[in-house]
Amino acid sequence: MQYRSTRGDEKTAINSATAVIQGLAPDGGLYVPVHFPKGQLDLKMLPGIDLPAASRFVLSTLMDDFPQDQLAASIQAAYGKQWDDPRITPLSEAKSGNYYLELFHGPTLAFKDVALQLLPHLMVHAQQLTGNHRDIVILTATSGDTGTASMDGFSNVAGTQVAVFYPHKGVSPIQLHQMLAEPGDNLAAYGVEGNFDDAQTNVKKIFNDQQMKQRLAEHGLQFSSANSMNIGRLIPQMAYYLYAYGQLVQRGAIQLGDPVNFAVPTGNFGDILAAYYCQQLGLPINKLICASNENNVLTDFFHSGNYDKRRTFTVTNAPSMDILVSSNLERLLFDAAGEDVAMVKKLMQQLNSVGHYQINAKMKDYLDQRFVADYADEQQVRDEITRLYQEARYAIDPHTAVASAVTHRYQINSHDQTPTVIVATASPYKFAETVYHSVTLRNDLGEPGLPAIKQLHQALGGELPKAVQALFERADRPEQVVEPAEMEAAIARQLQI
Ligand SMILES: *Cc1c(COP(=O)(O)O)cnc(C)c1O
């Protein structure tokens, strides 16, 4: 398997280990497979497959430059006792007709753990494979969950440093606590005076700053990224879609070969792209349902073919989806444009310079065949949490509720009867304030953050997951807040260069 940039020449292709270390292509594009192994999935392997086995299949297919034993050891280390469910990503069936794929049983209570418990192991092996002796500096912009999950995954991993930038006042109290309290000598988190897009734009800029690169090299260091722009983040996420499909067959909900829908609460377009890549591999998917919150730039894009980021940025109760520039969409555009890199480059330049672009009819048609899109506002999110709890005694977090509300409406309007899996991306405890109000319909919530978790626990009953309990045992470091223009200096200070 070789990987090339969405904006570059096929001749500059590299293997997956190099792509994992580099994170982003030097030309600003994202790495994609040169020849996608289309249709290589043998469906017969899926019924009852467990998550580690699905992961071994995906990784050995798409990252075939890694020795099998290294992949197996990495997968074993990633999906162990740090998960509070032995199935890792259980598929639950709320009595509401749809299935919820619970991706939040890892140490930081959101789906980013699935990839970020694995990526550090892959990076350590990738360093050996590529003969790279520099230490890796993981540079990450986060809308909340990538930061906490990267810090946990890389905590005290030898040969790595982590610098996380989150929007100051743009993350939930629990996300903030997780970042400030995560133990590890190689970790730092900074609040940026701005929103997620400001943080992400500057991280990309610093990443591609040649002078900074040189300075790092002189100190035996190199940047890499743990954002979903890194294929080492994206590829591990494919495993749970295969697992979910296998579970549906195993339970007799579908016959092998029958199509399913996946509904994905979407921000940077990484998680849903992993589902699309599974479809390319041969997984029978009818529709990919792209669900957004009030930052509904993707909904408008899928409806009109016009991507327009010139709009008000809204901080919502599903903050990990508060994004106006969905980076991974570029990978889908690359396919939709028939791998026309000049076209991708032109569109991305337009987005950068004038803030919008329009795709052509052929590309639009490619998307229409595979995707539907809609959004849910904050009130609809609250109502959906209430509806599901009242109908099925099943508590979902606001991000999951976005996808759940969108799916519910889509099913009523379209009469699409395809069995549908809603991707449950965060634990209800991670966004305890919103969930508490919506589940109890009471207005007696005290302090946000940890006290809200306690109140929610009382309302829901049952056992508190062990990763949630761990939140109560850790103290915060002081918060460090920087202007966007000071981000590079903050990194230099942290690395002492
Ligand atoms: C990151 C995140 C999302 C959005 O995922 P993308 O891959 O960025 O589209 C949705 N929900 C939660 C809880 C998240 O942490």
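How much area does the chain expose, and what share of it do carbon and sulfur atoms supply? The chain exposes about 18300 Å², and carbon and sulfur atoms supply 47% of it; accessible areas come from the Shrake-Rupley method with a 1.4 Å probe, and for residues only the protein chains shown count as cover.

This is a predicted model, in which local features need pLDDT of at least 70 and side-chain atom pairs count only at pLDDT 80 or more, while totals for chains, interfaces and linings use all residues. Residues are numbered from 1 along each chain as its sequence is written, and side-chain values use heavy atoms, with hydrogens and water left out.

**The whole chain**

Begin with the entire chain selected, in cartoon representation. The chain holds 21 helices and 15 strands; these are DSSP runs numbered from the N terminus, helices being H or I of at least four residues and strands E of at least two. The radius of gyration is 21 Å, close to the 23 Å that the globule rule gives for 497 residues, so the chain is as compact as a globular protein of that length. That radius is taken over C-alpha atoms, and the rule is 2.2 Å times the number of residues to the power 0.38. Along its principal axes, the C-alpha trace spans about 60 × 50 × 50 Å.

Of the 497 residues, 63% count as buried (under 20% relative accessible area; exposed is over 50% and partly exposed in between, with a 1.4 Å probe and protein chains only). Among contacts with a separation of 6 or more, 76% join residues 24 or more positions apart, a contact being heavy atoms within 4.5 Å.

**Strands 9, 10 and 13**

Select residues 260–265, which form strand 9. Six of its six residues are buried, so strand 9 is largely enclosed by the rest of the structure. Show the side chains: Val260, Phe262 and Val264 point one way, Asn261, Ala263 and Pro265 point the other way, and all are buried.

Next, add residues 285–292, which are strand 10. Strands 9 and 10 run parallel and are joined by five bridges; two strands pair if DSSP finds at least two bridges between them. Valine 260 stands opposite isoleucine 285 of strand 10.

Which strand do five bridges join to strand 10? It is strand 13, and the two run parallel. Select residues 371–375 to display strand 13, where four of the five residues are buried, so this strand is also largely enclosed by the rest of the structure. Here isoleucine 289 stands opposite valine 372 in strand 13.

**Helix 11**

Move to residues 270–281, helix 11, and pick out alanine 274. Alanine 274 has 0% relative accessibility and counts as buried. Display Leu234, Gln237, Met238 and Tyr241, which alanine 274 touches when residues up to four places away in sequence are not counted. Then set a distance label between the C-alpha atoms of alanine 274 and alanine 239: these residues are 35 apart along the chain, and the separation is 8.7 Å.

**Two positive phi angles**

Select leucine 441, in the loop between helix 18 (432–440) and helix 19 (450–460). Its phi is positive, about 55 degrees, although leucine 441 is not a glycine. Is leucine 441 buried or exposed? At 55% relative accessibility, leucine 441 counts as exposed.

Finish at glutamine 496, in the segment after helix 21 (487–495). Phi of glutamine 496 is near 55 degrees, a positive value in a residue other than glycine. At 71% relative accessibility, glutamine 496 counts as exposed.
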